[in-house]
Amino acid sequence: MSNTPLLQIKNLVKHFDISGGLLDQLGFHDGKFTRKKTVVHAVNDVSFEINQGETLSVVGESGCGKSTLARTVIGLYEPTGGQVYYRGERVDDKSGESRKQFRTAAQMIFQDPYASLNPRMKVSQILEEPVRFHYPALNDAEVKQRVADVMEQVGINPVWGERYPHEFSGGQRQRISIARALVLEPEFIVADEPISALDVSIQAQVLNLMMDLQRDRNLTYLFISHDLSVVEHISNRVAVMYLGSLCELADAKELFANPQHPYTKALLSAIPRMGKKGFSHIKLTGDVPTPINLPTGCVFHGRCRLANQRCVNEIPHPLTLDNGTICACHAVQEGRSTHMPS
């Protein structure tokens, strides 16, 4: 695994305007009409980098912005602010041929394989289409051979290419989705909860396939998941998000053994640990805030037992600790989190 960053995210912001039409925005306050926009703050000032050949996983509860982050990184969403760099070159502001080059190097595997595959196209057509678009110089035989090779590598018989997506099981459809991502021979793949829609008996097979492909093709993964046991198994490093903000980023072993941020501790305490003593579930109290009206200061302060007035007033900035963990928490930086109550 190289130490050279393949992908760099700098102060990434993604907001969604859900105000609706003009009439929806108008209100009446203090005797006069006002116009107010409603904005979802999905991703807020997130920065990190991914090294070539590694797996960086992003975790957090539903609605924390991890899938929006993934789609913004890959270019499906235009960022509201910040920059995305690939091999040192900014790509979020590219268009045309420059963006096309990034599209071949970076691909995405979606959560629902049935929704992400065109039901009107045969599997062979689904896999051949991106190759013909990005590599028009290849002849028909070369295109078909590339597709057949990828299908075999993911465990799908090339003869089945004449079938439609609905004729396959969920696990087979996800293998086809993986094949579609691989057919352009990318080096970076964003996997947005790629096994969560599958039966438990199939999840391990697909996960092992992805790890084998990473080893054989030197792939780099941005892996989005809410399954902490999977994340612990597959990741080199883990980023923890809460309400669109990055709380903690650490080596996977270090994070699961010694979490720093109060939210990370609460999240990991929910993992069943049969036969292990010293672990107790941390029950969070307080109301879950909304990304439409973000709290002041630290976004987690309303549910954190260590919050003080500084946490209410001041947004914590990420700080690199002695063990290499990056943590955005006033309590950690001030040394108040050593004995967090459970």
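The protein chain holds 13 helices and 14 strands. The model is a predicted one. The exercises below work through its overall form, its salt bridges, its cavities and some individual residues.

**Exercise 1. Overall form**

Task: Decide whether the radius of gyration of the protein chain agrees or disagrees with that of a compact globule.

Solution.
- Step 1. For 342 residues, the compact-globule rule gives a radius of gyration near 20 Å.
- Step 2. The protein chain has 22 Å, so the value agrees with the rule.
- Step 3. The extents can be set beside this: the C-alpha trace spans about 65 × 60 × 40 Å along its principal axes.
- Step 4. Of the 342 residues, 48% are buried.
- Step 5. For contacts between residues at least 6 apart in sequence, 68% join residues at least 24 apart.

**Exercise 2. A salt bridge within a helix**

Task: State how Arg215 and Asp212 are placed relative to each other in helix α8, and classify the accessibility of Arg215 and of Asp212.

Solution.
- Step 1. The closest N and O atoms of Arg215 and Asp212 are 3.2 Å apart. The cut-off for a salt bridge is 4 Å, so the pair qualifies.
- Step 2. Both residues belong to helix α8 (residues 200-217), and because they are 3 residues apart there, about one helical turn separates them.
- Step 3. Arg215 has 57% relative accessibility and therefore counts as exposed.
- Step 4. Asp212, at 34%, is partly exposed.

**Exercise 3. Further salt bridges**

Task: Find how many salt bridges the rule yields, then describe the pairs Arg90 with Asp92 and Glu314 with Arg310.

Solution.
- Step 1. As background, side chains of opposite charge can pair when their charged atoms come close.
- Step 2. The count comes to 17 salt bridges.
- Step 3. One of them joins the side chains of Arg90 and Asp92, with an N to O distance of 2.9 Å.
- Step 4. Arg90 is partly exposed at 29% relative accessibility, whereas Asp92 is buried at 10%.
- Step 5. Glu314 and Arg310 also meet through their side chains in a salt bridge, at 3.3 Å from N to O.
- Step 6. Glu314 has a relative accessible area of 34% and is partly exposed; Arg310, at 30%, is partly exposed too.
- Step 7. Elsewhere, shared partners link salt bridges into one network made up of Glu128, Arg132, Asp140 and Lys144.

**Exercise 4. Internal cavities**

Task: Give the number of cavities of 30 Å³ or more, and characterise the linings of the largest and the second largest.

Solution.
- Step 1. Searching the whole structure gives 2 cavities of 30 Å³ or more.
- Step 2. The largest cavity encloses about 70 Å³ of space.
- Step 3. Its lining includes the cysteines Cys298, Cys304, Cys311 and Cys329, together with the histidines His261, His301 and His330.
- Step 4. By class, the lining of the largest cavity has 8 nonpolar residues, 3 polar and no charged.
- Step 5. The second largest cavity holds about 60 Å³.
- Step 6. Among the residues lining the second largest cavity are Glu78, Asp92 and Arg99. The lining of this cavity divides into 6 nonpolar, 2 polar and 3 charged residues.
- Step 7. Helices α2 (66-74) and α3 (97-105) each contribute at least two residues to the lining of the second largest cavity.
- Step 8. Asp92 ties this exercise to the previous one: Asp92 lines the second largest cavity and forms the salt bridge with Arg90.

**Exercise 5. Positive phi in loops**

Task: Locate Arg87 and Asn218, and state the phi of Arg87 and of Asn218.

Solution.
- Step 1. Arg87 sits in the loop between β6 (81-86) and β7 (89-90). Its phi is near 55 degrees, positive in a residue other than glycine.
- Step 2. Arg87 is partly exposed, at 46% relative accessibility.
- Step 3. Asn218 occupies the loop between α8 and β10 (220-224). Asn218 is not a glycine, yet has a positive phi of about 55 degrees.
- Step 4. The relative accessibility of Asn218 is 40%, so Asn218 counts as partly exposed.

**Exercise 6. Ser116**

Task: Is Ser116 buried or exposed, and which residues does Ser116 touch beyond four places away in sequence?

Solution.
- Step 1. Ser116 belongs to helix α4 (residues 113-116).
- Step 2. Its relative accessibility is 17%, and because buried means under 20%, Ser116 counts as buried.
- Step 3. Leaving out residues up to four places away in sequence, Ser116 touches Phe110, Ser177 and Arg180.

Terms used. Residues are numbered from 1 along each chain as its sequence is written. This is a predicted model: local features need pLDDT of at least 70, side-chain atom pairs count only at pLDDT 80 or more; totals for chains, interfaces and linings use all residues. Side-chain values use heavy atoms; hydrogens and water are left out. Helices (H or I, at least four residues) and strands (E, at least two) are DSSP runs, numbered from the N terminus. Buried means under 20% relative accessible area, exposed over 50%, partly exposed in between (1.4 Å probe, protein chains only). Contact means heavy atoms within 4.5 Å. On a 1 Å grid over the protein atoms alone, a cavity is a set of points where a 1.4 Å probe fits but cannot get out, and a pocket is an open set with protein on both sides within 12 Å along at least five of seven lines; lining residues have an atom within 4 Å of a point. Grid points are joined across faces, edges and corners, and a volume is the space filled by probe spheres set on the points. Ala, Val, Leu, Ile, Met, Phe, Trp, Tyr, Cys and Pro count as nonpolar, Asp, Glu, Lys and Arg as charged, and the others, Gly among them, as polar. The radius of gyration is taken over C-alpha atoms; the globule rule is 2.2 Å times the number of residues to the power 0.38.
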